[in-house]
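Biologist: Please take me through one part of this predicted model closely, beginning with a strand pairing and following the packing from there.

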Amino acid sequence: MLAIDGPSGAGKSTLAAEAVEALGPRAALVSTDAFATWDDPVAWWPQLEDGVLTPLAQGRPGEYRRVDWTSGTPRPGELVRVEVPEVLVLEGVSSGRRALRSRLSWLCWIEGGTEAERLSRAVARDGEVARGELRRWQLFERGWFAVDGTREAADQLV
């Protein structure tokens with residue numbers, strides 16, 4: 001299991017997609033973006049643990065319900081099935097959290113530049129309407145990463 005973690009707008013999704021492409025059909029990708037919302041940035045973890053990580057560890061497929069943002073407000077979306085892969089790539093803020101680290105084969109931290117640069121990329125991705133929420137998210141994740149020690153625990157810094 002590989003985790004690609006780092007702050008919003010750092011390039012985690014891009015690197016994860018490249019990793020999965022390089023690994024081919026033996027890899028599966030799960031993004032924390034499929035779980036997190038503005039009001040619940042990390043407390044959703046039991047959904048990932050119970051729906052995906054535990055079944056996969058037992059050699060069974062997992063599943064989760066992706067958050068649907070199409071209306072502008074998060075709501076339950078499609079059910080996503082995850083077949084048992086040789087390599088599971090977890091990507092997103094908190095994917096390398098302390099609670100999971102003993103099960104990770106590799107933790108990659110992406111710095112992605114300054115907060116201002118990352119905010120600019122995130123706004124370009126999500127739209128100007130999201131700027132306020134993205135800034136609030138940045139403040140949250142700064143505290144999260146400091147307490148969790150994610151960067152310091154990483155096997156690789158990018």
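Modeller: In strand β4, the residue that bridges to Y64 is V80. This is a predicted model, in which local features need pLDDT of at least 70, side-chain atom pairs count only at pLDDT 80 or more, and totals for chains, interfaces and linings use all residues. Residues are numbered from 1 along each chain as its sequence is written, and side-chain values use heavy atoms, with hydrogens and water left out.

Strand β3 (residues 62–68) and strand β4 (residues 75–82) run antiparallel and are joined by six bridges, where pairing requires at least two bridges found by DSSP; strands are DSSP runs of E with at least two residues, helices runs of H or I with at least four, each numbered from the N terminus. The two strands form a hairpin with six residues between them, and G72 in that turn has a positive phi of about 95°.

Y64 leads on to the interior, since together with V30, L48, V52 and L53 it touches the most other members of the largest nonpolar core, which has 27 residues. Such a core is a set of buried Ala, Val, Leu, Ile, Met, Phe, Trp, Tyr and Cys residues joined through side-chain atoms within 4.5 Å, buried being under 20% relative accessible area and exposed over 50% (1.4 Å probe, protein chains only). At least two residues of this core come from each of β2 (27–31), α2 (45–57), β4, β5 (87–91), β6 and α4, with α2 giving the most, five residues. Leaving aside residues up to four places away in sequence, L48 touches V30, F35, L53 and L90, contact meaning heavy atoms within 4.5 Å. Another core, of ten residues, lies apart from this one and includes A19, V20, V89 and I110.

Of the contributing helices, α4 (residues 131–148) deserves a closer look. Its buried residues are L134, W137, Q138, E141, W144, F145 and D148. Viewed down the axis of α4, these fall within an arc of 135° and so line one face of the helix, the arc being taken over directions from the helix axis to the C-beta atoms. The face turned away from that buried side carries the exposed residues G132, A146 and V147, whereas the buried residues pack against β1 (2–5), β6 (106–109), α3 (115–126) and α5 (150–153). Just after α4, G149 takes a positive phi of about 70°.

T150 lies in helix α5 and is buried, with a relative accessible area of 0%. Beyond four places in sequence, T150 touches D5, G96, R101, L107, W109, W144 and F145.
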